[in-house]
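Student: Before we discuss any single term, could you put the sequence and the model in front of us? I would like every label to be justified by the value and the cut-off behind it.

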Amino acid sequence: MTSYDVHPVARVASPLTDRSTAPKQGDEGAPPARVVFTPEFHRAAADLRPGDRLVLLTWLHEADRAVQAVHPRGNPDRPSTGVFSTRSPDRPNPIGLHVVTVAAVENGTLTVTGLEAIDGTPVLDVKPVLGEVAER
């Protein structure tokens with residue numbers, strides 16, 4: 001099996017510290033959070049602006065990578081389902097996908113809304129939401 005090295009470009013700073021009490025999705029009550037870029041990636045984030053909608057790819061560092069099936073949304077009344085058919089954070093490669101809106105930008109840090117990732121979550125990449133970014 002081939003493996004690949006990835007390195008975080010930022011970390012999440014959030015009041016959410018316990019995954020068991022964090023919202024399942026960002027639009028389910030996630031508080032504002034910060035995306036704090038590593039100094040070496042400040043230039044890569046320099047053109048981000050308030051109002052931008054972004055896709056954050058994160059590494060769900062507290063995930064159980066051995067899990068292959070879950071009860072969706074943690075509801076035991078729902079049938080066990082393969083994780084590739086769910087948004088479960090527990091999965092073989094725990095890559096999180098989050099659509100957020102930039103509320104503020106300051107010194108290599110974004111304040112964003114709609115991010116349910118817990119404090120300390122590594123951010124692997126940041127991409128604009130397709131069709132919503134004008135050519136700069």
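**Labels and their grounds**

Tutor: Not counting residues up to four places away in sequence, His98 touches Leu54, Val55, Leu56, Thr58, Leu60, Leu115, Glu116 and Ala117, where contact means heavy atoms within 4.5 Å. This is a predicted model, in which local features need pLDDT of at least 70 and side-chain atom pairs count only at pLDDT 80 or more, while totals for chains, interfaces and linings use all residues. Residues are numbered from 1 along each chain as its sequence is written, and side-chain values use heavy atoms, with hydrogens and water left out.

Student: Why is His98 called buried?

Tutor: Buried means under 20% relative accessible area, exposed means over 50%, and partly exposed covers what lies in between, computed with a 1.4 Å probe on protein chains only. The relative accessible area of His98 is 4%, so His98 counts as buried.

Student: What makes the pairing of the His98 side chain with the side chain of Thr58 a polar contact?

Tutor: The term requires a pair of N or O atoms within 3.5 Å; within protein, one must be able to donate a hydrogen and the other to accept it, and residues adjacent in sequence count only if both atoms are side-chain atoms. The side chains of His98 and Thr58 are 2.8 Å apart in this contact, and a second polar contact joins the side chain of His98 to that of Glu116 at 3.2 Å, so both distances satisfy the cut-off.

Student: Where in the fold is His98 found?

Tutor: His98 is found in strand β6, which covers residues 95-106; strands here are DSSP runs of E with at least two residues, numbered from the N terminus.

Student: How do you know that β6 and β7 pair?

Tutor: Two strands pair if DSSP finds at least two bridges between them. β6 and β7 have five bridges in the antiparallel sense, so they meet that requirement; one of the bridge partnerships joins Thr101 to Thr113 in β7. β1 and β2 pair antiparallel over four bridges, with Val12 and Val35 in β2 as bridge partners. β1 and β8 pair antiparallel over two bridges, including the one between Arg11 and Pro122 in β8.

Student: In which order do the six strands close into a barrel?

Tutor: The order is β1-β2-β7-β6-β3-β8, with antiparallel pairing. Neighbouring strands of this sheet are turned by 45° against each other on average, direction ignored; the axes are lines fitted to C-alpha atoms, and angles run from 0 to 180 degrees between N-to-C directions.

Student: Which residues touch the most other members of the largest nonpolar core?

Tutor: Val35, Phe37, Leu110, Val112 and Leu115 do, out of 18 residues, a nonpolar core being a set of buried Ala, Val, Leu, Ile, Met, Phe, Trp, Tyr and Cys residues joined through side-chain atoms within 4.5 Å. At least two residues of this core come from each of β1 (10-13), β2 (33-37), β3 (53-59), β6, β7 (109-113) and β8 (122-128), and the largest share, three residues, comes from β2. In soluble globular proteins, nonpolar side chains tend to be buried together.

Student: Why is Asn107 called exposed?

Tutor: Its relative accessible area is 67%, against a cut-off of over 50%, so Asn107 counts as exposed. Asn107 lies in the loop between β6 and β7, and it has a positive phi of about 50° although it is not a glycine.

Student: What makes the pair of Asp90 and Arg19 a salt bridge?

Tutor: A salt bridge needs a side-chain nitrogen of Lys or Arg within 4 Å of a carboxyl oxygen of Asp or Glu. In this pair the closest N and O atoms are 2.9 Å apart, so the definition is met. Asp90 lies in the loop between β5 (81-82) and β6, and Arg19 in the loop between β1 and β2, so the pair ties together parts that are 71 residues apart in sequence. At 15% relative accessible area Asp90 is buried, whereas Arg19, at 32%, is partly exposed.

Student: How many salt bridges does the structure hold?

Tutor: The structure holds three. Another of them joins Asp47 to Arg43 at 3.7 Å, N to O, with Asp47 partly exposed at 39% relative accessibility and Arg43 exposed at 61%. Lys127 also forms one with Asp125, the closest N and O atoms being 3.1 Å apart; Lys127 is partly exposed at 40%, and Asp125 is partly exposed at 31%.
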